[in-house]
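Please work through the exercises below with the sequence and the coordinates open side by side.

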Amino acid sequence: MTTRLIILGASGSVGRAVADVVAAHPERFEVEAVVAGRDAQALADVALRLRARLAVLADGAGGAALAEALSGSGIASGAGEKAVLEAVDRDCDLVVAAIAGTAGLRPTHRALRAGRRIALANKECLVSAGAAFMRDAAAAGATILPLDSEHNALFQALGGAAIENVEAMTLTASGGPFRDWPAEAIAEATPQEALKHPNWSMGAKITVDSAGLMNKGLELIEAHHLFGLPATRLRAVVHPQSIVHGIVHFRDGSLSAGLAMPDMRVPVAHCLAWPERLETEAPRLDLAAMGCLTFAEPDTARFPALRLAREALEQGGAAPTVLNAANEVAVEAFLAGRIRFGDIARLVEAVCTHEGAGAAPAGIDEALAVDEVARERTRALLQQSR
């Protein structure tokens, strides 16, 4: 049986892993549409490789370049927000939601149509609007398949068991490039140093988040919405080898863990074929060769972003939405050389203290409105600090 796909975020790191799996099984998949942000040539390359029917850039200014890159291929093209939403509306069986940032919130929400499966890799849907997003997914009859490696590992380790049988869940973090650095050195780290992730090849924003453990905090918020566990039953541990991605602790004292080499093709293949399995070219795990797997409690004194994310999860309401918006602006400022690495968490904490006490967004529009207010506050604080 052929699965018809729409791939949102087709030119990013997750999108490239999706393309690898789809290209390896051309008899299993038809690509209805591919969507990306600004890189016309990268999107055209994916569309041609996967023989997509439609390619759309979110950036309206790139429409002409995309059309030229696809000239003579028979692949239709479009650009701009309206074209993105029209692409999402096309008939399909599964939507891969891998657009980074809040830019992915509206198109991913639009994808929640009856009977569809959503392979969800966009954190912001659950961090910024988790309650509303999951409510609307349930009302539409959509199936949410976690595509992030940690949540996919938890989903697989759960094995269909009732959540009532789960005592806790643990997500693992590599610790990033600064795992063994003293606090003073972390505070002064450069963008080049923050982007040297030891195990994963990802986009710049998520790599910086991983370096400060903010990414793990955001993933705890995601897990809360995906699996329905409170903050007190969600844990994070530092696991430098990135082999164990998630652990389910059952109430009888047993543990079930999801293990794999750090390769996004593994969770991608699981989501694309679910409930079946696909062969991948991902490297196989040899435990004897690995020899030793280590785990440690995260140090929130050196990595305060994890503490801030956990506090936002515990506070609830608009706090996670504000946290995410402030962090996106702060990371952008860090990558642009405007602030130090240690300023990211301080800036996020200041914004959360000022803006984070509101009620949880009732819908996507409200989440985006809260997001914009938090961004404006963050930019104002940045301006004051110059």
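Two exercises with worked solutions follow, and they refer to a predicted model.

**Exercise 1.** Determine which strands pair with strand β3, and trace how the chain passes from one strand to the next.

*Solution.* Begin with strand β2 (residues 29–36), which pairs with β3 in the parallel sense over four bridges; within this pairing, Val35 has Val56 of β3 as its bridge partner. Between these two strands the chain passes through helix α2 (residues 40–50), and the resulting β-α-β crossover is right-handed.

Next, turn to strand β4 (residues 76–79), which runs parallel to β3 and is joined to it by four bridges, with Ala76 of β4 as the bridge partner of Leu54. Here the chain crosses from β3 to β4 by way of helix α3 (residues 63–69), and this β-α-β crossover is right-handed.

Finally, inspect the two faces of β3 (residues 54–57): Leu54 and Val56 are buried on one side, while Ala55 and Leu57 are buried on the other, so that both faces are covered, buried here meaning under 20% relative accessible area.

**Exercise 2.** Describe the largest nonpolar core, and find which helix gives the most to it.

*Solution.* Start from the core itself, which has 80 residues, those with the most contacts inside it being Met169, Leu323, Phe341 and Ile344. Helix α16 (residues 319–335) gives the most to this core, contributing ten residues.

Then take Ile344 and list its contacts, leaving aside residues up to four places away in sequence: Ile344 touches Val208, Asn327, Ala330, Val331, Phe334 and Ile339. Apart from this core lies another, of 40 residues, among them Val31, Val46, Leu70 and Leu145.

How values were computed:
Residues are numbered from 1 along each chain as its sequence is written. This is a predicted model: local features need pLDDT of at least 70, side-chain atom pairs count only at pLDDT 80 or more; totals for chains, interfaces and linings use all residues. Side-chain values use heavy atoms; hydrogens and water are left out. A nonpolar core is a set of buried Ala, Val, Leu, Ile, Met, Phe, Trp, Tyr and Cys residues joined through side-chain atoms within 4.5 Å. Buried means under 20% relative accessible area, exposed over 50%, partly exposed in between (1.4 Å probe, protein chains only). Contact means heavy atoms within 4.5 Å. Two strands pair if DSSP finds at least two bridges between them. A crossover is right-handed if, with the strands pointing away from the viewer, the path from the first strand over the helix to the second runs clockwise.
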